[in-house]
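Me: I keep meeting terms such as core, contact and shell. Can we test them on a real case?

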Amino acid sequence: MTTFLEPPVAPTAPRWSAALERVLAGEGLALAAQPIVDVARGSVVGYELLARFDGPHQATPDVWFSHAERLGLGARLDAIVLARALDLRDDLPDDTFITVNISPLHLGDPALAAVRDRHRSLERIVLELTEHSAVDDCAAVARLLEPWREAGAKVAIDDAGSGYAGLQWLLALSPDLVKLDRALVDHLDEDEVKSALVAMLGGFADRLDAWVLAEGVERLAELDVLAHLGVPLAQGYLFRRPTLELWPTIEGDVRRHLEQRPARAVDPDRVGALVEVVRTRHRHEPPALPISVVVDGLGQPIALDLADGTWDRVLAVRPDETVRAVLERALTRDAHWRWHPVVCVDELRRVVGVVRLERLVHHVIGGSPDRPTTHEEEV
Ligand code: G
Ligand code: MN
């Protein structure tokens, strides 16, 4: 695939410097949004925000960004896009996030740091690290990310599996989200090598505790293979093209296709069968008795709120882990919290419920504790 990242040097070259200064002053820049879809549920869980320019010349966003870079304005351009994204966050639908593209080379730039420091928290913001030239020093990028992570931002590696974002990046940056390059997704239903690579990257992401997002999904056949491989998130023209409309929903026929897939059966030997639904609450809300889970803006667990008013750490488990394996993990915890419930989370690490230790023990020794009725039953 050829992209024209090099600025054209025709004698009629538009006055990029003036055009960019206008954008940096806040004019002629708009953010388009493209939905990010939870493959298992068919719901929108987030939006990638993409810069769109209306300037004196018909140039694609890539060309704008490369001219900005050439003129030393790249970080300021990333900064104004991020600032706009943060303004839009106030109207973001519940339990969704936004992703913004940022060059890793700009993370330490004062223009970007200023935007970061103007906000109390960067919760619900995912920084997509996009780089079209090889960045050798992954460790330096990881250090630059620290203040962003401390402020609550999550990190995505864009174009994973392409030549630029290899396994080394994933290891060094330990991202929250791995965005599979479009080229890997394109016709993967007809290409065993691509689907094997996606499965491999999925396994790798699991180890890093990251979620995988497949980009550039254009065909239902691709979506079905991705779902079969357990890829939790997807994005692409199939669902919706980027649009200036906030906040875009997905095409009705694709949503129906996702909703009509049969629900997975509950295996009695997996912890999913022992989950009890409990109240979740945000940090500032009052506790709910006897137990509740404190969650962040994405519904991911921060702490377990115990009946005696104390908070504790969370041991997060997935519904498809075996009861025995979870019990073993739970019992390796320090004595003070060994017997506390574990928190069951879905593919996006959102709270599904809790599992009490006594239920796990009962199951393993063959007793029959009261069966919860809150889990998904096969229909
Ligand atoms: O690398 P990054 O993911 O940031 O690229 C985003 C670009 O990809 C946007 O300009 C968007 O318009 C484009 N895009 C989004 N979905 C699709 C798709 O399904 N197919 C193709 N070819 N391009 C897409
Ligand atoms: Mn991107």
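Here is a short run of questions on this predicted model.

Me: What makes the 75 residues a nonpolar core?
Reply: Two tests apply: each member must be a buried residue of a listed nonpolar kind, and side-chain atoms within 4.5 Å must join the set. The 75 residues pass both, so they count as a nonpolar core. Leu82, Val217 and Phe239 touch the most other members. Helix α3 (residues 74-89) gives the largest share, 9 residues.

Me: Why is the core of 15 residues called separate?
Reply: Membership runs through side-chain atoms within 4.5 Å, so a set without such a link to another set is a core of its own. That second core includes Val271, Leu274, Val275 and Leu327.

Me: Why group nonpolar side chains at all?
Reply: In soluble globular proteins, such side chains tend to be buried together.

Me: What does Phe239 touch, and what makes that a touch?
Reply: The cut-off is heavy atoms within 4.5 Å. Leaving out residues up to four places away in sequence, Phe239 touches Val37, Val217, Leu223, Ala234, Ile250, Glu251, Val254 and Leu258. Each of these therefore has a heavy atom within 4.5 Å of one in Phe239.

Me: How much of the chain is called buried, and on what test?
Reply: Buried means under 20% relative accessible area. Of the 379 residues in the chain, 49% are buried, so these fall under that cut-off.

Me: What makes the approach of Gln34 to ligand 1 a polar contact?
Reply: The pair must be N or O atoms within 3.5 Å. A polar side-chain atom of Gln34 lies 3.0 Å from a nitrogen atom of ligand 1. The value is within the limit, so the pair is a polar contact.

Me: What about Glu48 and Asn101?
Reply: Glu48 has a side-chain N or O atom 3.2 Å from an oxygen atom of ligand 1. For Asn101, a polar side-chain atom is also 3.2 Å from an oxygen atom of the ligand. The limit is 3.5 Å, so both pairs count. The protein covers 79% of the 520 Å² that ligand 1 has accessible on its own.

Me: How do you know which residues in the shell around ligand 1 are charged, and how many are there?
Reply: Asp, Glu, Lys and Arg count as charged. The shell divides into 7 charged, 4 polar and 4 nonpolar residues. Among the nearest residues are Arg182, Glu215 and Glu218, so these three go with the charged group.

Me: Which strand gives the most to that shell?
Reply: β2 does, with 3 residues.

How values were computed. Residues are numbered from 1 along each chain as its sequence is written. Chains are lettered from A and ligands numbered from 1 in the order in which they are written. This is a predicted model: local features need pLDDT of at least 70, side-chain atom pairs count only at pLDDT 80 or more; totals for chains, interfaces and linings use all residues. Side-chain values use heavy atoms; hydrogens and water are left out. Buried means under 20% relative accessible area, exposed over 50%, partly exposed in between (1.4 Å probe, protein chains only). Helices (H or I, at least four residues) and strands (E, at least two) are DSSP runs, numbered from the N terminus. A residue is near a molecule or strand if one of its heavy atoms lies within 4 Å of it. A polar contact is a pair of N or O atoms within 3.5 Å; within protein, one must be able to donate a hydrogen and the other to accept it, and residues adjacent in sequence count only if both atoms are side-chain atoms. Accessible areas come from the Shrake-Rupley method with a 1.4 Å probe; for residues, only the protein chains shown count as cover.
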